[in-house]
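Let's take a walk through this protein together, from its packed interior to its charged pairs. Keep the 3D view open as you read.

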Amino acid sequence: MTLNILIPAALGYVVFLFVIASLAERRAETLRLAGRKPRFLRSPLVYTLSLSVYCTAWTFYGAVGYAVRSGLEFITIYLGPTLVFIGWWWFLRKLVRIGKAQRVTSIADLISARYGKSNLVAVIVTLLAVAATTPYIALQLQSISLSFETFSDDHAVAPQQLAMWVAAGLALFTILFGTRNLDANEQHHGVVTAIAVEAVVKLIALLAVGIWVVWGLMDGLPDVMARIAAADRPEWRVQPARWMGLIFLAGVAVVTLPRMFQVMVVENSDERHVSTASWAFPLYLMAMSLFVLPIAVAGMEWLPADTNPDLFVLNLPHSLGHDGLAMLSFLGGFSAATSMVIVASIALATMVSNHIVVPLWLAQRRMFEGAVREAGDMRGLVLTARRLSIVAILALGYLYFAVSGSSRALASIGLIAFVGMAQVLPALVGALYWRGASRMGAATGLATGSL
């Protein structure tokens, strides 16, 4: 397979997402004008699939690399969210319920609303989210660049130039469907539907590669288990304390990451959907993790020793001549990366515009004119601020990718982003359950944790 086939396929897939998002937006608008609710677009199935934005390129590609380096430790990234959705779904339901009651637009908005609408608290959460998520966006851009390089035998693809065009395309898509208008509920039917479709694509891709590895390259499950036992390494030994820390961290991340809060709380149309997601989303995660270790072992056996294990999902079918499967794997990884970037950009842009850009603009007008514009003019201001924020956020992600360089520099970005947003948990829990919590205490805790 050559880049002459791969690039049109990627562009065609993006056009397909545009069509899906456009049809969903048009359908939602038609039903709204008719006084009806878009039931399928806001069904438990679509809601659960939209939660798959948790599974980024780091999960699609990196889980296999993680398994090569640390054995079963990769499963902790799935166990954390699974335990939260099964055992703490009532906490998630309360989070959704309060979010709806307060009409919040982001995790920064919810926390600030429960601390006397403190913009200081919101600004700290926003800056922390941008700092934690920007390198994570860079990781997605890098994964797309690396996947293109896999199919470029003559290394004709310039990674930085490719990442720049991908970032520009994602910025355009996010602006078109994430800032089309200001909705009272801040819900984006087109984006959520496109993310749900991408959830299906990346799941099918990973399962297809896994099934091919187990029953194509190997002789079924007994052979797989024997090969896993033979490949056992000292670094694969379970470290209970480390496992507990990683499970906790992943569980916190599924609640506090801006993109997860966006799809779980802001985009939620019925809190009863949380009870469905409490068992359906763990099943999705289980399916995503099912073949990670077999693919890792197959890559160690069939690919050269210097092959990047993070790209085993792509390199295995590509190097063994299964171009159709390699294309499907590429589209799965592309889906995982783009869905994360789109939703994270919407969430971060909402926070940046609402808590930093617009307040600064209003303060500047008060200072120089003694008044602010009429409320009717604010909609245009907010939309412009969000569009500019989306461009700025993706530009920061691209710049981080360009400056950081090698993949080794980005290898731990996923966990670093988890740790960064975990600092929000105490303030979030205090906002939900502790009436005596103060905004200065929340601000101090957030600032200390951020440092």
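Which residues does F330 touch, not counting residues up to four places away in sequence? Leaving those neighbours aside, F330 touches L6, A10, Y61, S147, F148, F151 and L314. Please keep in mind as you look at these contacts that this is a predicted model.

F330 is a good place to begin on the nonpolar interior. The largest nonpolar core has 154 residues, and F330 is listed with Y54, I111, I295 and F418 as having the most contacts inside it. Helix 17, which spans residues 323–369, gives this core its largest share, 18 residues. Apart from this core lies another one, of 6 residues, with V358, L362, L381 and A385 among them.

F330 also belongs to an aromatic group: together with Y13, F16, F148 and F334, F330 forms one aromatic cluster. F148 therefore turns up twice in this tour, as a member of that cluster and as one of the residues that F330 touches, if you apply the contact cut-off of heavy atoms within 4.5 Å.

Now for the aromatic rings more broadly. The count comes to 17 aromatic pairs. Take F74 and Y78: their ring centres are 6.2 Å apart and their planes stand at 85°, so this pair is edge-to-face, because planes over 60 degrees apart count that way. Both partners are buried, F74 with a relative accessible area of 3% and Y78 with 4%. W88 and W90 make a stacked pair, because their planes are at 25° and their ring centres 5.3 Å apart; the cut-off for stacking is under 30 degrees. Here the partners are partly exposed, W88 with a relative accessible area of 48% and W90 with 38%.

The F74 and Y78 pair leads us on to a serine. S289 is found in helix 14 and, setting aside residues up to four places away in sequence, touches F74, I75 and Y78. S289 counts as buried, at 10% relative accessibility. Another residue to locate here is F60: the C-alpha atoms of S289 and F60 are separated by 9.1 Å, although the two are 229 residues apart along the chain.

A second polar residue worth a stop is T350, whose place is in helix 17. T350 is buried, with a relative accessible area of 4%. Once its neighbours within four places in sequence are left aside, T350 is in contact with T105 and R386.

Let's turn to the charged side chains. The structure holds 9 salt bridges. In one of them, the side chains of E267 and R42 meet at 3.1 Å, N to O. E267 sits in the loop between helix 13 (258–266) and helix 14 (272–289), while R42 sits in the loop between helix 1 (3–33) and helix 2 (44–50), so the pair ties together parts that are 225 residues apart in sequence. Are these two charged residues buried or exposed? E267 counts as buried at 5% relative accessibility, and R42 is buried too, with a relative accessible area of 11%.

The loop between helix 13 and helix 14 appears again in the salt bridge of R97 with E271, where the closest N and O atoms are 2.5 Å apart. R97 lies in helix 6 (residues 89–102) and E271 in that loop, so this pair ties together parts that are 174 residues apart in sequence. R97 counts as partly exposed at 42% relative accessibility, and E271 is partly exposed with a relative accessible area of 26%.

A further salt bridge brings the side chains of R237 and D232 together at 2.8 Å, N to O. D232 counts as partly exposed, at 39% relative accessibility. Elsewhere, D223, R227 and E301 are joined into one network by salt bridges that share partners.

Finally, how confident is the predictor? The mean pLDDT of the protein is 89, and 93% of its residues reach 70 or more. Confidence is highest in helix 14, at 96, and lowest in helix 19 (residues 413–422), at a mean of 85. Where pLDDT is low, predicted coordinates should not be read in detail.

Notes: Residues numbered from 1 in each chain as written. Predicted model: local features only at pLDDT ≥ 70, side-chain atom pairs only at ≥ 80, totals over all residues. Heavy atoms only, no water. Phe/Tyr/Trp six-rings, centres within 6.5 Å; stacked < 30°, edge-to-face > 60°. Buried < 20%, exposed > 50% of the residue type's maximum accessible area, 1.4 Å probe, protein only. Core = buried A, V, L, I, M, F, W, Y, C linked by side-chain atoms within 4.5 Å. Helix = DSSP H or I, 4+ residues; strand = E, 2+ residues; numbered from the N terminus. Salt bridge = Lys/Arg side-chain N within 4 Å of Asp/Glu carboxyl O. pLDDT = per-residue confidence, 0-100.
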